[in-house]
Amino acid sequence: MIHFDNVTKVYTTQKRPALEEVSVDVDKGEFAFLVGPSGSGKSTMLRLILKEEKPTRGNVHIAGKDLARLSNWKVPHLRRRIGCVFQDFRLLPNKNVFENVAFALEVIGKPRRFIRKVVPEVIELVGLEGKGDRMPDELSGGEQQRVAIARAFVNRPQILLADEPTGNIDPATSIGIMKVLDRINRTGTTVVMATHDAAIVDSMRKRVVELEEGVVVRDQTRGVYGQAY
Ligand SMILES: Nc1ncnc2c1ncn2[C@@H]1O[C@H](COP(=O)(O)OP(=O)(O)OP(=O)(O)O)[C@@H](O)[C@H]1O
């Protein structure tokens, strides 16, 4: 599903590569953590997957497509197949929960009847049933992140990227967020999550890809946050 083939990324303003000869494959339906210190290249990998950046050398394939050969007008189509969740939720403050999730479908022209059917289903999937008419500022951080996940998933993307989704959330609430991501993964969605949250990584026992200064230094099938030897 996600295929990095010897990818090097050098930002024009930097001497040191942000990623250096990275080769990683994430299969359909897999759950992979990206870990590593600040500046090790995790967000750069996520940006390459979205074609927000281009590799300096090497190739990125997403769902069988070589992104270097994907014309610019097809990039929005690629991004529709990839849901994104961020540390800072990024909800629309003037829309309620239902409207925040519905908006993701309105902008891609889905009919209102379809929206009225699927939005409540996804709100329930993330555990927010009965809260559709709450405004973001009437929700806890954990609940806001659940809305952001619902919005990212409502279009049933093949891939869900999460960049530090528990970064602004206390540990107890983070467990609930991980349960939601796990539920989404079990529907067959490939999940890639960049994180510094050692407790979460250790509790999930999923694949761990560790970066250090842009180089993959570890790739473990059922890994933990720190070195497991
Ligand atoms: N747009 C950019 N222009 C120039 N350099 C950048 C850019 N984005 C990232 N970098 C550099 O590339 C390297 C990797 O950064 P990246 O953001 O991918 O790391 P990260 O592992 O996601 O860090 P964090 O955990 O802090 O989010 C860093 O040295 C960073 O300064």
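The legends below describe close-up views of a predicted model.

**View 1. The open sheet of six strands.** The strands of this sheet follow the order 6-7-8-3-9-10, and their pairing is mixed. At the edges lie strand 6 (82-86) and strand 10 (215-220), each of which pairs on one side only. On average, and with direction ignored, neighbouring strands of the sheet are turned by 15 degrees against each other.

**View 2. The pairing of strand 3 with strand 8.** Strand 3 (residues 31-35) and strand 8 (residues 190-194) run parallel and are joined by four bridges. Within this pairing, Ala32 stands opposite Val192 in strand 8.

**View 3. Helix 1 and helix 5 against the strands.** Helix 1 (residues 42-49) lies across strand 3, strand 6, strand 7 (159-163), strand 8 and strand 9 (207-212), and runs at about 150 degrees to strand 7. Helix 5 (residues 141-153) also packs on the sheet, where it touches strand 6 and strand 7, and its direction makes about 165 degrees with that of strand 6.

**View 4. The packing of helix 5 with helix 6.** The axes of helix 5 and helix 6 (residues 171-186) are 9 Å apart and make an angle of about 15 degrees; because angles under 35 degrees count as roughly parallel, the two helices are described as roughly parallel to each other. Helix 5 passes helix 6 in a right-handed crossing. Helix 5 contributes Gly141, Gly142, Gln145, Arg146, Ile149 and Phe153 to the contact, while helix 6 contributes Thr173, Gly176, Ile177, Val180, Leu181 and Ile184. Of the residues in this contact, six are nonpolar, five are polar and one is charged.

How values were computed
Residues numbered from 1 in each chain as written. Predicted model: local features only at pLDDT ≥ 70, side-chain atom pairs only at ≥ 80, totals over all residues. Pairing = 2+ DSSP bridges. Axes fitted to C-alpha atoms, helices over the stretch in contact; angles between N-to-C directions. Contact = placed C-beta atoms within 7 Å. Parallel < 35°, antiparallel > 145°, perpendicular 65-115°, else oblique. Left-handed = near helix turned anticlockwise from the far one by under 90°. Nonpolar A, V, L, I, M, F, W, Y, C, P; charged D, E, K, R; others polar.
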